Amino acid sequence: MARSKVSIIGGGPAGSVAALTLNKLGHEVTIYERSRFPRYRIGESLLPGTMSILSRLGLQEKIEAQNYIKKPSATFLWGQGQAPWTFSFAAPKVTPWVYGHAIQVKREEFDKLLLDEVKSRGITVIEQANVTEVDVSRTDGVSLTALRNGETLHHESDFVIDAGGAGGPLARQLGVRRYDEFYKNFAIWSYFNLSDPFSGDLKGTTYSITFEDGWVWMIPIKDDLYSVGIVVDRDKAAEVRKLGAEEFYRTTLAKCAGATKLLAGTEMVDEVRIVQDWSYEAERFSAERYFLCGDAACFTDPLFSQGVHLASQSAVCAAAAIDRITQAEDEQEEVHAWYNRTYRAAYEEYHEFLASFYTYASFTEPNSEFWRKRRITESDDERLSRRKWFEKLVDNGQEGTGSTVPNFRDRAATMISIGRHQRATLSDEFSEAELNAARVRWISDLTNRLNSITRLRWTGTKALLKPHYRVAPQTFRLEQREILSNQDGLDMAQYPMDEQTLQVFQELVEEEFGYRALIKRLRSAGRHEISSQLVLRLMEAGLLTGYDKNGDQVVVESRLHFGGVGVEYEV
Ligand SMILES: Cc1cc2nc3c(=O)[nH]c(=O)nc-3n(C[C@H](O)[C@H](O)[C@H](O)COP(=O)(O)OP(=O)(O)OC[C@H]3O[C@@H](n4cnc5c(N)ncnc54)[C@H](O)[C@@H]3O)c2cc1C
């Protein structure tokens, strides 16, 4: 019987990144992969955070040698009659591992590059081995059964990672997956012989366009290969059955003027494919001796191209967690709690972000059935009502957080306005520099709002430090650090805290003071560079509330932010 410290199911991005990280941390790993690479996979547009992880795992040169198309941004024609806008990845390189761009890839090639790297580092990869059973009922280890060319293989390990994607066998076996009714969508896509139609600052961008029946993605993959997909309501499945996939794809695509204009004179060069299993999440992402990573744990609508990043991020976190439990077994429960919280928070961030954008567009498409159903308040997804932000939303912000539907939509609108182009249609003459004016306007509006806060109130009666983990960006070890919390456990995990900073918030509990006074004290405590971000994050976490000179609450809707993009990488 084969044995290794960790067994991994699946050799996609989650499996490969988990194996590379565990190997770096000195643990023995075996991957079981059902297919033989290269194998086809959708999900071609990556995020800068993935570049950062792979670079820190030593793959930078190999990735650069592939000359992948650089993706500097994502561009949206989002909502009827709206000017195009671009979400730029440009970011100050405050550390060597911050990336201001991502890449567009053919996934069969990219995933093979990762798995080849795994093999080249001496990690055992057993391909064409379909894992059929995983026994996690024992407390001392895990056994796994796989079928390979008619032969049954058995494997014993201390831990198992299910990185088997949507088909993740352990996730399915545990029966902990819940489907999300808000995104009752499916995707249908193919490829065209079109080389990147954009130049200048838009070269390499991922382009997404809404139309009456849903939205279209357009991604330059390689040379003259262009990926074009449509996301529509699941109800359209009947039409697919009637017309056939190809005819449905062609007729639906023809309804999207922005797409057909770019595709004029090109030919479809591949088959039409469909994916139906849409948004879902597992109730639990890890416990005892197992971890679910990537799509095995959760998946949501691909509008923001976050799948591979969530897969890589969760893989790094699971590897670091296993390493930590191995060193300190008594911390097992805390480490699992941290993994579940961290991965779920990253997933939820995207979920909320997506809901904002669907809701925003729904107001610009008044006569469309698809968009009416994508307005968050019309969703009949029971699980949404169990989420805190959604409860506030449907209560019309009664908790005083300002989370009403218009406010919710405004958060998306803020993001859009920062990237809005100064012309009605998309043009190559657009320049990244044009966005600066909007960014300056947004920052000064935010600063004005913060400066109007004359009184800040701490939620609760105590400011405390509590232990929390984080993955050290270079060693990938799980480290303990302290974060700010109140006596009820409400906390803010993004920034580590120290005694000096804690002292400032203890003073605030004793006597309320304004925003400027807080910034001054934070700077004296050595938090010069991140003082305003700290305040914003504490307000988002519900630990701080600000009031103006009239005693009215100051609602600071900072722009939506999310993992994998920008300087605040989670790992
Ligand atoms: C329509 C659509 C568009 C998308 N667009 C994007 C995008 O633009 N950008 C992006 O980042 N993401 C995108 N995604 C999401 C992305 O494809 C996934 O999030 C990503 O592939 C997840 O990686 P993973 O390693 O978890 O799973 P996968 O890539 O699915 O890998 C899982 C591996 O496990 C193997 N496996 C499964 N079951 C078993 C078993 N029983 N035994 C052994 N091996 C097994 C499979 O063969 C596979 O190789 C998109 C998804 C969809 C559906």
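This is a short conversation about helix 16 and a three-stranded sheet in a predicted model.

Trainee: How do you know that the length of helix 16 fits a helix?

Mentor: Helix 16 takes in the twelve residues 499-510, and at 1.5 Å a residue these should span 16 Å. The end C-alpha atoms are 16 Å apart, so the two values agree.

Trainee: Which residues of helix 16 are called buried, and what makes them lie on the same side?

Mentor: Buried means under 20% relative accessible area, and Thr501, Leu502, Val504, Phe505 and Leu508 are buried in helix 16. They cover an arc of only 150° around the axis, and therefore sit on the same side of helix 16. It helps to recall that an α-helix has 3.6 residues a turn, so residues three or four places apart point the same way.

Trainee: What covers those buried residues, and what does the face turned away carry?

Mentor: The cover includes strand 21 (455-458), strand 22 (464-471), strand 23 (478-485), helix 17 (515-524), helix 18 (531-540) and strand 25 (544-547). The face turned away from the buried side carries Glu499 and Glu510, which are exposed.

Trainee: Now the sheet: why are strand 22 and strand 24 called edge strands?

Mentor: The open sheet has three strands in the order 22-23-24, with antiparallel pairing. Strand 22 and strand 24 (491-492) each pair on one side only, and that makes them the edges.

Trainee: How do you know that strand 22 and strand 23 pair?

Mentor: Pairing needs at least two bridges, and these strands have eight, in the antiparallel sense. Tyr469, for one, has Gln480 of strand 23 as its bridge partner.

Note on methods:
Residues numbered from 1 in each chain as written. Predicted model: local features only at pLDDT ≥ 70, side-chain atom pairs only at ≥ 80, totals over all residues. Heavy atoms only, no water. Helix = DSSP H or I, 4+ residues; strand = E, 2+ residues; numbered from the N terminus. Expected span 1.5 Å × (residues − 1). Buried < 20%, exposed > 50% of the residue type's maximum accessible area, 1.4 Å probe, protein only. Arc of directions from axis to C-beta. Contact = heavy atoms within 4.5 Å.
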